[in-house]
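Open the model in your viewer and keep the sequence panel beside it. This tour goes from one selection to the next and says what to look for at each stop.

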Amino acid sequence: MIMKNVFNLFLSVFVIMVVACSQIKTNTEEIVRSVKTDTARIYGEKPKAVFPGKVKAASDVDLSFRVAGPIAGIHVEAGAFVRKGQTLAEIDSRDYEIQLAATEAEYRQIGAEAERIIELYGKGSVTPNDYDKAVYGLKQITAKYDAHRNALADTKLTAPFDGYVQKRFFDAGETVGAGMPVLSMIDAGAPEVEINIPSAEYIRRDRFESFACEVDIYPGRVFPLNLIGITQKANMNQLYTVRLKMKSSDRQTPSPGMATMVTIQFRPEKSELVYIPYTALFETGTISSVWVYSPDSHTVAARKVTVYELHTDGTVILSEGLTSGEIVITAGVHSLKEGEKVKVLPPVSETNAGGLL
């Protein structure tokens, strides 16, 4: 009987020790709460404005000869693609060749005489006045020779850039004066787009963020644009002209003359509004706060926020305290503590794939 009582006493002590050890172990383990989160997002779309515009060639020029005379030949037709430096038309060069030949002979004669006088002046055999006449005479004939040589070269009209011939204004055999348009060309490079904006948008030009255009003939396609410049003076309609250039692309781009609609995206104001689920809010007295989650340390920190507006869809709009992209706790906010480590629950699949029905 005594042995039985001793055994029961020993068993009771053993059980008590096991329970105590279990409680100590449980108390020492760190409890990590599982939480739901959401991301603060900008409320509303970025402000934008849309204006009608027109696609224009980067360069649209009328080409003319710098000298006058009868056209000997035009070597291209309207619509033809030409390369930079390619000869497009020529003026009869006969008179310009004769003129250059005569000037070249005079240039050689005066040049030889000037060199002789300059050499003698170095030896002290001629007066300074004769030396000055020789030097100025050489400069004069050199300028005349260069001008006539350039005039002969100007009897050929060359393409200033790669592009397309738009129109021919004259044919071979017709006589043209210097500066009279003979051909028109447009640049084959990336086209430009031109729009006109009112003063209300002009004063916000420092907030222009990006530009893009759409053309009806290319449904569903958006063409990004780069800003070239904005005129500083309004036109007769009190509008400011904005020039934009299409970004280079391997894909087909709109052709000059096409109508387009240009969208200007504005940078949001510094005090942008963000929205989060209403369940992320908790009150401390009269102060509204949220728990902000740190992905690096997996901890939470309280943040004071200013409520701008409550919506019936379960969201709250904040004007201060949070920025777009920050992560907040949306469930169990009243049981968390400052600096507490938490575990983020994965988002629930929309189809509940693999989950319980």
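Start with the open sheet of four strands, whose order is β3-β18-β23-β22, with antiparallel pairing. At its edges are β3 (41-42) and β22, each of which pairs on one side only. The model you are looking at is predicted. Strands of a sheet pair through backbone hydrogen bonds, either parallel or antiparallel.

Select residues 306-310, which are strand β22, and residues 315-320, which are strand β23. Four bridges link this antiparallel pair. Find Leu310 and look across to β23: Val316 stands opposite. Now follow the chain between the two strands. β22 and β23 form a hairpin, and four residues lie between them. In that turn, Gly314 has a positive phi of about 90°.

Next, add residues 274-277, strand β18, which runs antiparallel to β23 and is joined to β23 by four bridges. Which residue of β23 stands opposite Tyr275? It is Ile317.

Move to the edge strand β3 and pick Ile42, which lies in this strand. Is Ile42 buried, exposed or partly exposed? Its relative accessibility is 32%, so Ile42 counts as partly exposed. Show what surrounds Ile42: leaving aside residues up to four places away in sequence, Ile42 touches Glu272, Leu273, Val274, Tyr275 and Ser324. Take Leu273 from that list. Ile42 and Leu273 are 231 residues apart in sequence, yet their C-alpha atoms are 5.9 Å apart in space.

**The barrel**

Now select the six strands β4, β13, β16, β15, β14 and β17, which in that order make a closed barrel with antiparallel pairing. On average, neighbouring strands of this sheet are turned by 40° against each other, direction ignored. For one pair in detail, choose residues 208-214 (β14) and residues 259-266 (β17). These two strands run antiparallel and are joined by six bridges. Click on Ser210, then on Gln265, its bridge partner in β17.

**Helix α3**

Select residues 128-153, the 26 residues of helix α3. From first C-alpha to last, α3 reaches 38 Å, close to the 38 Å expected at 1.5 Å a residue. Which residues of α3 are buried? They are Ala134, Val135, Gly137, Ile141, Tyr145, His148 and Ala151. Show residues 94-122 as well: this is α2, part of what covers the buried residues of α3.

Stay on α3 and display the side chains of Arg149 and Asp146. They form a salt bridge, with the closest N and O atoms 2.9 Å apart. Side chains of opposite charge can pair when their charged atoms come close. Both residues lie in α3, three residues apart, about one turn of the helix. An α-helix has 3.6 residues a turn, so residues three or four places apart point the same way. Arg149 is partly exposed, with a relative accessible area of 42%, and Asp146 is also partly exposed, at 27%.

**More salt bridges**

Go to helix α2 and select Arg108 and Glu104, which are four residues apart, or about one helical turn. How far apart are N and O in the salt bridge between their side chains? The distance is 2.9 Å. Arg108 has a relative accessibility of 57% and so counts as exposed. Glu104, at 25%, counts as partly exposed.

Then select Arg204 and Glu201. Their salt bridge has its closest N and O atoms 2.8 Å apart. Arg204 is partly exposed, at 26% relative accessibility, whereas Glu201 is buried, at 14%. For a group of three, display Glu77, Arg168 and Asp171, which are joined into one network by salt bridges that share partners. Across the model, the count comes to 15 salt bridges.

**The whole chain**

Finally, clear the selection and view everything. The chain has four helices and 25 strands. Of its 357 residues, 29% are buried. Its accessible surface comes to about 23,100 Å², and 54% of that belongs to carbon and sulfur atoms. How much of the contacts with a separation of 6 or more comes from residues 24 or more positions apart? The share is 73%. The pair Ile42 and Leu273, with their positions 231 residues apart in sequence, can be viewed again as an example of residues far along the chain that are 5.9 Å apart, C-alpha to C-alpha.

Terms used: Residues are numbered from 1 along each chain as its sequence is written. This is a predicted model: local features need pLDDT of at least 70, side-chain atom pairs count only at pLDDT 80 or more; totals for chains, interfaces and linings use all residues. Side-chain values use heavy atoms; hydrogens and water are left out. The expected span of a helix is 1.5 Å times one less than its number of residues. Buried means under 20% relative accessible area, exposed over 50%, partly exposed in between (1.4 Å probe, protein chains only). Contact means heavy atoms within 4.5 Å. Two strands pair if DSSP finds at least two bridges between them. Accessible areas come from the Shrake-Rupley method with a 1.4 Å probe; for residues, only the protein chains shown count as cover. A salt bridge is a side-chain nitrogen of Lys or Arg within 4 Å of a carboxyl oxygen of Asp or Glu. Axes are lines fitted to C-alpha atoms, for helices over the stretch in contact, and angles run from 0 to 180 degrees between N-to-C directions.
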